[in-house]
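This report introduces a protein chain to a reader who has not met it before. Please view the sequence and the structure first; the text then proceeds region by region.

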Amino acid sequence: MAGFILVPIEELDAGARPNLQELLGVMAELLQKNSLTSAIPVDSSGKVLGEEARRIYWSLRLLGVRRIPASRDKTVPIELKLEDLGFYDDIDPAPMRVFRDTMELLYRGWPTPLVGLRSLSGDGFRVWAKLEWYNPYSMSVKDRIGWYMVKQALENGWRGDKVYEATSTNTGMALAAMAAIHGFKVRLYIPRVIQKASDTLLRALGAEVIRTEKPLTVDLLEDVRRDAARDRALHIDQFGNDANFLVHLRYTAKELELQLRTAGVNPRGIVGGIGTSGHMAAITFYFKNRVGGTKIYMVQPAKGEVIPGIRRVETGMKWIHWVKPDAVVEVTRREAIEALLTVARRDGILPGLSSGAVAAAFMKLRDRGELEEGDYVLVFPDNGFKYVEQLNEYFESQSTAGN
């Protein structure tokens, strides 16, 4: 091998993947530089040589690079952009919206739309919403992690017939869809505060539903772990499974960068809710390192409030502690509902409660004078059609107050 050659990344052997947190520094540097300055040394069998080269290999692979420059036995200086290595190849939408199956409907349906909102724009602000409810299974951002957690489990050799998980609805719907496609069974544990419609939706998709008396999804984790161990089921664990972070790093953040580039937009900030923290931690990591100059605002429920899909930092989440958002904004359920109604009645789309919370947080920051004028992206996780019960409660309370 003279110099280096580009080879498909999966053809090389770098051994077991290091712990993801150990790779964050390398991944950050690659995103910042947008280039690779040395080929990966390999032996005659394609085995990657040296610990540093292994970390670079795995970092590139997790970022979604398709090809890798390999050199025989020694390091060779090069200068290749990430784009030269297939960095954006994952973002491959079907141009005429024809899909061979419902799995392709998911990942070749991306990017999810990025749309301007007139309801929140004006006075020097231009606001964009990324509509994650265009995902097909749960009509939410959670389709991404349901797909990727199962995909990685299968790639790592799992061949079981049962998956157990705690969910507040959307991840459960995504996993139920994966169960239907792949032929396993899924049992879903949901907290008592979740809307009753969830039981019907999850059962319609073929899931077994266990409604509990505990108020938060995270409160159910020990029960799920215990039952999964007893029944030899896979507890796929959206709260600790790094596929949750990685799918958003490799797909969601990358497609948002391309969409903004297409629109000619350099965003001042991105606003999104904290649930498991996977999508906003990945977006923060990506934009802080690759784009720069973009502030990140995360949203949590105010103390004592329940907003489906988001929760407070102190209730425990993993990936938010890997990044540094510029601010965390608190929102009440009433504020979330009133903000979603503002969007619905001006733009004609119906955001969900967590999307409403994101809109409310943006409005708070803007009205308090904490934002510079410019473009802002709001990540809307799902739509409002699962939350008729909460909307009815709000309208009834308004009617009572009016009387």
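## A helix across two strands

Which strands does helix α2 lie across, and at about what angle does it run to β3? Helix α2, residues 51-63, lies across β3 and β4, and its course makes about 115 degrees with β3. The model in which this arrangement appears is a predicted one.

## The three-stranded sheet

β3 and β4 belong to an open sheet of three strands, ordered β1-β4-β3, in which the pairing is mixed. The edges are formed by β1 (5-8) and β3 (40-42); each has a single partner strand, so one side of each is left without a neighbour in the sheet. From one strand to the next, the twist averages 55 degrees.

The pairing of β3 with β4 (residues 67-72) is parallel and consists of three bridges. Within this pairing, P41 has S71 of β4 as its bridge partner.

## The region named in UniProt

An unreviewed UniProt entry lists residues 109-382 under the name "domain: Tryptophan synthase beta chain-like PALP". Over residues 109-382, helix accounts for 41% of the chain and strand for 21%. The C-alpha atoms at the two ends of this stretch are 16 Å apart.

## The six-stranded sheet

A second topic is the open sheet of six strands, whose order is β6-β7-β15-β12-β13-β14 and whose pairing is mixed. β6 (114-122) and β14 (327-331) are the edge strands, each pairing on one side only. The twist in this sheet averages 25 degrees from one strand to the next.

Helix α8 (residues 243-263) packs on the sheet and touches β6, β7 (125-131), β12 and β15 (374-380). The direction of α8 makes about 140 degrees with that of β7. Helix α10 (residues 333-347) also packs on the sheet, where it touches β6 and β14, and its direction makes about 105 degrees with that of β6.

## Pairing within the six-stranded sheet

Strands of a sheet pair through backbone hydrogen bonds, in either a parallel or an antiparallel sense. β15 pairs with β7 in the parallel sense over seven bridges, and L131 stands opposite F380 of β15. β15 is also joined to β12 by three bridges, again with the strands running parallel; here G269 stands opposite Y376 of β15.

Is β15 enclosed or open to its surroundings? Seven of the seven residues of β15 are buried, so this strand is largely enclosed by the rest of the structure. Further along the sheet order, β12 (residues 269-273) and β13 (residues 295-301) run parallel and are joined by five bridges. In that pairing, G272 has M298 of β13 as its bridge partner.

## Helix α11

Helix α11 comprises 15 residues, 353-367, which at 1.5 Å a residue should span 21 Å; its end C-alpha atoms are 21 Å apart, so the expected and computed spans agree. What follows α11 is G369, a residue with a positive phi, near 75 degrees.

How many of the 15 residues of α11 are buried? Twelve of them are, and the helix is therefore described as mostly covered, where buried means under 20% relative accessible area. The buried residues include L353, V358, F362, M363 and L365. Also among them are S354, S355 and G356, together with A357, A359, A360 and A361.

How values were computed
Residues are numbered from 1 along each chain as its sequence is written. This is a predicted model: local features need pLDDT of at least 70, side-chain atom pairs count only at pLDDT 80 or more; totals for chains, interfaces and linings use all residues. Side-chain values use heavy atoms; hydrogens and water are left out. Two strands pair if DSSP finds at least two bridges between them. Helices (H or I, at least four residues) and strands (E, at least two) are DSSP runs, numbered from the N terminus. Axes are lines fitted to C-alpha atoms, for helices over the stretch in contact, and angles run from 0 to 180 degrees between N-to-C directions. Contact means heavy atoms within 4.5 Å. The expected span of a helix is 1.5 Å times one less than its number of residues. Buried means under 20% relative accessible area, exposed over 50%, partly exposed in between (1.4 Å probe, protein chains only). UniProt positions are given in the numbering used here, feature names are shortened, and annotations may be inferred rather than shown by experiment.
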